[in-house]
There are 2 protein chains.
Amino acid sequence: MLAQAASKLGFHVHIYSPDEDIPAAEVAGTLTRAAYDDHGALTEFAASVDVITYEFENVPAPTAAFLNARKPVRPTPSALAVTQDRLTEKEFLKDCGIPLTAFALIRGPDQLEGAIESVGLPAVLKTRRLGYDGKGQTVVESLAHARAAFQSFGGAEIIAEGFVDFSDEISIIAARDLMGGTALYEAIRNEHHAHILYRSHVPAGIPAELAEHARRIGELLLKKLDYVGVMGIEFFVETETGRRRLLVNEIAPRVHNSGHWTMDACQISQFEQHIRAICGWPLGPTARHADAVMQNLLGEDIDGWQEYLAEPNLALHVYGKSEARPGRKMGHFTRLYPLTKR
Amino acid sequence: MLAQAASKLGFHVHIYSPDEDIPAAEVAGTLTRAAYDDHGALTEFAASVDVITYEFENVPAPTAAFLNARKPVRPTPSALAVTQDRLTEKEFLKDCGIPLTAFALIRGPDQLEGAIESVGLPAVLKTRRLGYDGKGQTVVESLAHARAAFQSFGGAEIIAEGFVDFSDEISIIAARDLMGGTALYEAIRNEHHAHILYRSHVPAGIPAELAEHARRIGELLLKKLDYVGVMGIEFFVETETGRRRLLVNEIAPRVHNSGHWTMDACQISQFEQHIRAICGWPLGPTARHADAVMQNLLGEDIDGWQEYLAEPNLALHVYGKSEARPGRKMGHFTRLYPLTKR
């Protein structure tokens, strides 16, 4: 979808990926299929382009640094480094004074008990790296359970987080351009099934002061990271303290699944905003012309396309992936409704 | 833009073109660059796809027929044959009982005088084939002028048309699916500069009965041609007779420049409608969520992109063509305005 947005603006797109199945190759002029540590291929790739971005925060930091020495990588490799490690990310957020759940690093089994004590039970154990869509995380109810989980992660460093009693999960899609201009789409309410995003709703139906707080946090993070491009920020709306307040769950240095509705309900999608930002263009408006509910099509959900098409207010997107594995994001649709005035 | 719409729905796209500069290759998975009469290349191309369409009515009829014997070509080669020859097209329209300007065939110089007499002066002389954007046509004020013009066309068969005194040029974008379902976008008012479309406006600002008449003509033509896909139909709003009435100017068996605003102002663009139709999918809604003015960027107009981007209600499209020749369509933009209620 980034490649399509770039083509719409007249840019030529060169995809670099080590994967077997690369849907983006279908909509880009040039493809290099090579490993993240293939310096020859990376050098040739960098020589062929003017600016480089990523759509996936698990690009190895050395790969990003190698490329950035040759052509600008946007968002910067430092934003990538901060967000691809849950510990670094949480320490960065804490340093920014942003409210988040209690967390503790666990380097080895002897640190499990202290960590669980500090964050409380139930706790969520997560690997420091390579987690998304619930991969590399588990909820534990006891210290014994935590020990078993730690083993299952293969002994890698993990973090423990306090379990949050939340009323809602929300997110915002925030963009910043090379000149420091920002553009934020309004807050989104998200539903997850089995840790995977299922539906995103705008309007989010949350109090205006919470939406405004989310926005201020977005502006702050964009500035602190000297960010260029689109960022997704996920929040819990915590209810434990009797009043609702925001806790940042995680930040993603890329376009975000919860912003896909912008393709159908906005003049400028999150994908076009990202391309404009990394290419040094000004950002566009973020207003929407419809209420919207985006729903992911996971695995065999995609087989329902005929049924979806029969709905007149539905815009369908299919990703062209070759195999519909369970839980795999195969496409999405957005249901559009008349704009509610607030 | 067709390739992009197809990719959005998960289809894989294979482009066949004899051209040097093929912008669509940047947004499609596969490209064959070969001549229209290369039967080996055409055979391989047909074997690799499920359905074939064209975005240009000057694909040679034998090429379309050759492909159609192997895989379905939609719209059918017969629709292509009718519309790629101005004489056949006008005779077809006349047979359908559709109002159009007086016309006469000119096979040789000895038929010039009679033809001019029958359509009157000034007259418009047009080659039967390969005309678009004012190419292959000229307005003549006298018989001597007509003789010179006939020479300049190289002696090919031409037609003479009566010169219409029109108040407006309008068009409609009409689609029909494999099951016979139709979807028509509302009438569009067009401005041309030097025979090339400059701006398209919705709403068109024409009386409701004219818009309804245009729609009825669209429905009739779709049915008469057993059409599958999107068709553009251009009309003059004639004022000579004291009251306004529609004359069909020409029909285009493809997505149409005057429908580009549907990309930004509608849930389903003309490009997606065309892809849905030729793939046997049902058509989508044609309602718009904004008033819109589309403007073509011709030649060096494209250099103004920074200025255009500064307008908050503007959606920019750049085609990625390699050279900005005078009059060449390099991109377009759509200005969006709040929907006026009628």
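Contact here means heavy atoms within 4.5 Å. The model shown in all views is predicted.

**View 1. Surroundings of S7(B) in the predicted model.** Residue S7(B) lies in helix α1 of chain B, which spans residues 2-8. Apart from neighbours within four places in sequence, S7(B) is in contact with Q4(A), V27(A) and V318(A) of chain A, and with V13(B) and V27(B) of chain B.

**View 2. Burial of S7(B).** The relative accessible area of S7(B) is 10%. Since buried denotes a value under 20%, S7(B) is classed as buried. Among the residues in contact with S7(B) are V27(A) and V27(B).

**View 3. Fold and dimensions of chain A.** The secondary structure of chain A consists of 11 helices and 15 strands. Its radius of gyration is 20 Å, close to the 20 Å given by the globule rule for 342 residues, so chain A is as compact as a globular protein of that length. Along the principal axes, the C-alpha atoms of chain A occupy a box of roughly 55 × 55 × 45 Å.

**View 4. Interior contacts and burial in chain A.** Buried residues make up 55% of the 342 residues in chain A. Of the contacts in chain A between residues at least 6 apart in sequence, 60% link residues at least 24 apart.

**View 5. Surface and charges of chain A.** Chain A has an accessible surface of about 14400 Å², and carbon and sulfur atoms account for 51% of that area. Chain A carries 34 positive and 44 negative charges, and the mean positions of the two sets are 5 Å apart.

Technical notes: Residues are numbered from 1 along each chain as its sequence is written. Chains are lettered from A and ligands numbered from 1 in the order in which they are written. This is a predicted model: local features need pLDDT of at least 70, side-chain atom pairs count only at pLDDT 80 or more; totals for chains, interfaces and linings use all residues. Side-chain values use heavy atoms; hydrogens and water are left out. Helices (H or I, at least four residues) and strands (E, at least two) are DSSP runs, numbered from the N terminus. Buried means under 20% relative accessible area, exposed over 50%, partly exposed in between (1.4 Å probe, protein chains only). The radius of gyration is taken over C-alpha atoms; the globule rule is 2.2 Å times the number of residues to the power 0.38. Accessible areas come from the Shrake-Rupley method with a 1.4 Å probe; for residues, only the protein chains shown count as cover. Lys and Arg count as positive and Asp and Glu as negative; His and the chain ends are not counted. The place of a charge is taken as NZ of Lys, CZ of Arg, CG of Asp or CD of Glu.
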